[in-house]
Structures are given as structure tokens and as C-alpha cells.
Amino acid sequence: MTVAVGRTVRGRRGFTLVETMVAASIGVLVLAMVMASFISAQRMLHTAMAESELSLAMRELRDKLLFKASPDISGNHYSGLLSGMSLNESDVKGGTSVEMSGHTVGATLGNTADSSVRLLVWQVGDRKMLINERTPDKDSHVRWLWPGALALAEDCTVMSDILSYDARNLNGSNIYRLHFDIGLEADVNRLNGDKIVRWERVSVPVLGKIQPMKNAADKY
């Protein structure tokens, strides 16, 4: 009886060193591509989440500036810039702050009092944000205009970087509309390393002033 020893030995032979190295290299390349795709997808997800968070935070900030520049404190309900009157034009022209008088509603509608909003840029640590300096006990409510703890963009260093206005005359007298160009910055960056910033303009007509149908510079 003849046994095919040579064929049996060849059939059980494993991979050569070259084949093993080629297979390992291919495996490493595939794994690297999978990891790169996973990291890229994760960063894209973080970017999308940051942009959504910025959108919601900006909406919250805009609503508070317009309608509720201070939180409810001791049963008093405070208004925002949209209800403000008697604008302090000198501070606006100097670009230092925005101060307007308004009304405070207490526990009953008949319990009203005059109050004011004084909006300016405030720094906490290495971050800047907006605050209403006229908020009672403002240090305890300093985060009211800081939704999501998102800082102002680097270009919003001082109030003059944010604030602009429309006036009846070219010399800036009789201001009838305010503009706030606000940028909020996310805590994460884009894939290319750029900062994620959302900009919005909030325009506030000053009560008691006629709002012209076209630019003041074209009319006066």
C-alpha cells in the first residue's frame, strides 16, 4: 500500500512569512480606515450638535434681550429692550452700554414700578458675555444672559463691537433703532480646526420714536 506523504505535508503547510506580513498590512490599513471614518463621523456629529446648541442658545438670548432682560426676582417680573423707553443716547453713541427705562410688574398688574435695563459686555474668567447691570443682585443672576454657558465670539470684545444704531441725523442725534450683532462661540471646533460661531442681528425699535420707512441718511 502506497501513502502520499508529500501531498499530505504540503496540504498542511501554513502561510509563509511574506503572506503573513501582507495580510497583516492589509488588516492594519483596513483598521486605520475604519478608525479614521469613525473619528471623522464623531467629529461631524459633535459639529452638528454644537451648531444646534448655538441656534437654541441664540434664540434664548434673543428672547431674553427683547422681552425679559432680568429673571423674576421676589415676585417682580422685568421687561426687556423691546419695552424700553427713554434711551440714554450718550452711552449708545460712546459704544459703552445700552440703558433704557422700562416697567416692572409685581405680584399684581396694578403693582408696577419703573426700572431700567443697562446692557453691557462682562468678562468671567477668559470668557465674555452680556449682562444686565440693573438686575437686582446681579452677581447671583449673572448667567441669565449666558445661555448654555456659551461665550461671546472673539470679535465681541466690548459693547461697541456689538452695538450700532440708526439716527435721524447723520451726527447721531435722535436714535430710533438699535442693532445688536451678536456672535456665540461653541466649545468645540470644526474638522479643519476653525471655531464654530453663530452670528445674528437683533434689531430693537425705540418706543416713542417714529420708525422711518427708509434709511435716515436717504431721507434727511
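This report walks through the cavities, the largest pocket, a surface patch and the salt bridges of a predicted model.

## Ground rules

Residues are numbered from 1 along each chain as its sequence is written, and side-chain values rest on heavy atoms, with hydrogens and water left out. Since the model is predicted, local features need pLDDT of at least 70 and side-chain atom pairs count only at pLDDT 80 or more, while totals for chains, interfaces and linings use all residues.

## Enclosed space

Let's start inside. Searching the whole structure turns up two cavities of 30 Å³ or more. A cavity is a set of points on a 1 Å grid over the protein atoms alone where a 1.4 Å probe fits but cannot get out, and lining residues have an atom within 4 Å of a point. A volume is the space filled by probe spheres set on the points, which are joined across faces, edges and corners.

The largest cavity holds about 80 Å³. Its lining includes Ala69, Pro71, Asn132, Lys138 and Trp144, and by class it divides into seven nonpolar, three polar and one charged. Here Ala, Val, Leu, Ile, Met, Phe, Trp, Tyr, Cys and Pro count as nonpolar, Asp, Glu, Lys and Arg as charged, and the others, Gly among them, as polar.

The second largest cavity has a volume of about 40 Å³. Among the residues lining this cavity are Tyr78, Val117, Arg134 and Pro136. Strand S3 (residues 112-124) gives the most to that lining, with three residues; strands (E, at least two residues) and helices (H or I, at least four) are DSSP runs numbered from the N terminus. The classes in this lining are four nonpolar, six polar and one charged.

## The largest pocket

A pocket is an open set of points with protein on both sides within 12 Å along at least five of seven lines. The largest one offers about 240 Å³ of space. Of its 14 lining residues, Asp126, Arg127, Ala151, Leu152 and Glu185 are the closest to the centre.

Strands S4 (127-132), S5 (151-152) and S7 (175-189) each supply at least two lining residues, and S7 gives the most, with four. The pocket lining has five nonpolar, two polar and seven charged residues.

## Salt bridges

The whole structure has 14 salt bridges, each a side-chain nitrogen of Lys or Arg within 4 Å of a carboxyl oxygen of Asp or Glu. Glu185, met above at the pocket, pairs with Lys195 (3.7 Å, N to O). This links strand S7 to strand S8 (residues 195-205), with the partners ten residues apart. Glu185 is buried at 15% relative accessible area, and Lys195 is partly exposed at 40%; buried means under 20%, exposed over 50%, and partly exposed in between (1.4 Å probe, protein chains only).

Salt bridges that share partners also join Glu99, Arg118, Glu133 and Arg134 into one network. Within this network, Arg134 meets Glu99 (2.9 Å, N to O), joining the loop between S4 and S5 to strand S2 (residues 98-105) across 35 residues. Glu133 meets Arg118 (2.3 Å, N to O). Glu133 lies in the loop between S4 and S5 and Arg118 in strand S3, so this pair ties together parts that are 15 residues apart in sequence. Glu99 is buried at 16%, as is Arg118 at 18%, whereas Arg134 is partly exposed at 38%.
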